[in-house]
Amino acid sequence: MANLDDVASVDLMTEILRRLKCQSKPDKRLILVGPPGSGKGTQSPIIKDEYCLCHLATGDMLRAAVAAKTPLGIKAKEAMEKGELVTDDLVVGIIDDALKKPSCQKGFILDGFPRTVVQAEKLDEMLQNRGVKVDKVLNFAIDDVILEERITGRWIHPSSGRSYHTKFAPPKAPGFDDVTGEPLIQRKDDTAAVLKSRLESFHKQTEPVIDYYKKKGIVANLPAEKPPQEVTSEVKKALS
């Protein structure tokens with residue numbers, strides 16, 4: 001626990017004011033669904049701050065539980081060491097543990113889970129035991145062709161991290177960094193072949209999950225091909 005004597009007064013006051021503002025916000029439990037490159041990563045921090053939610057990324061949470069040697073983390077580590085998949089019950093248990101934190105008091109954003117209908121059912125059951133439910137599933141809907149253009153056009157300058165896009169932010173000289181003149185590279189994940197297989201598995205896995213929540217009437221389809229500011233205002237509409 002941090003010693004509050006060592007925290008600057010202005011930081012303390014800022015945090016108190018933030019928490020007071022959060023008290024008036026409605027509780028929200030959200031799931032973000034969308035293929036790689038659909039903009040979930042851009043919108044997620046905006047939603048988190050606007051509605052005072054905690055952001056739950058199951059991969060990060062698993063690693064944190066293993067590092068902290070929590071009872072569930074120890075079980076997860078055993079499974080990983082045997083080369084087995086971590087069970088759905090374990091992942092849902094780790095989410096359940098995370099929801100006890102003060103930062104999750106007003107609700108959460110789940111990103112990257114559930115990926116299957118069975119996981120969605122187990123999540124619903126756990127939330128039901130807490131007397132709550134998923135309020136909205138934000139589906140970042142975008143055409144594969146637009147996504148391919150968006151992702152396969154990305155090039156980076158490795159040493160500085162500067163990024164370019166052949167269509168949306170091209171370098172002055174094609175294939176070379178504006179500042180150093182050094183050659184640009186493309187990440188392995190940003191090639192058309194890798195993207196195609198990632199999209200195929202995304203559609204196969206995730207479409208049944210979207211249908212599952214559609215039956216509950218809680219899916220909001222967002223036009224993820226639009227510029228980020230427009231997507232943000234669509235998110236606000238969906239959550240109002």
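Arg-19 has a relative accessibility of 47%, so it counts as partly exposed (buried means under 20% relative accessible area, exposed over 50%, partly exposed in between, with a 1.4 Å probe and protein chains only). Its partner Glu-15 is partly exposed too, because its relative accessibility is 28%. The two side chains meet in a salt bridge, 2.7 Å from N to O; the term stands for a side-chain nitrogen of Lys or Arg within 4 Å of a carboxyl oxygen of Asp or Glu. Both residues sit in helix α1 (residues 9-23), 4 residues apart, or about one turn of the helix. Helices (H or I, at least four residues) and strands (E, at least two) are DSSP runs, numbered from the N terminus.

Before going on, a word on the model. It is a predicted one, in which local features need pLDDT of at least 70 and side-chain atom pairs count only at pLDDT 80 or more, while totals for chains, interfaces and linings use all residues. Residues are numbered from 1 along each chain as its sequence is written, and side-chain values use heavy atoms, leaving out hydrogens and water.

Here are three of the salt bridges side by side.

| Acidic residue | Basic residue | N to O distance |
|---|---|---|
| Glu-15 | Arg-19 | 2.7 Å |
| Asp-177 | Arg-162 | 2.9 Å |
| Asp-190 | Arg-187 | 3.7 Å |

Asp-177 and Arg-162 form a salt bridge. This pair links distant parts of the chain: Asp-177 belongs to the loop between β6 (163-165) and α8 (192-214), and Arg-162 to the loop between β5 (154-156) and β6, 15 residues apart. Asp-177 is buried, with a relative accessible area of 3%, whereas Arg-162 is partly exposed at 28%.

In the Asp-190 and Arg-187 bridge, Asp-190 counts as buried at 4% relative accessibility, and Arg-187 as partly exposed at 42%. Back in the first group, Glu-15, Arg-18 and Arg-19 are joined into one network by salt bridges that share partners.

Now for the whole chain. The count of salt bridges comes to 18. The protein chain has 9 helices and 7 strands, and its C-alpha atoms fill a box of roughly 55 × 50 × 45 Å along the principal axes. Of its 240 residues, 38% count as buried. Among contacts (heavy atoms within 4.5 Å) between residues at least 6 apart in sequence, 70% join residues at least 24 apart.
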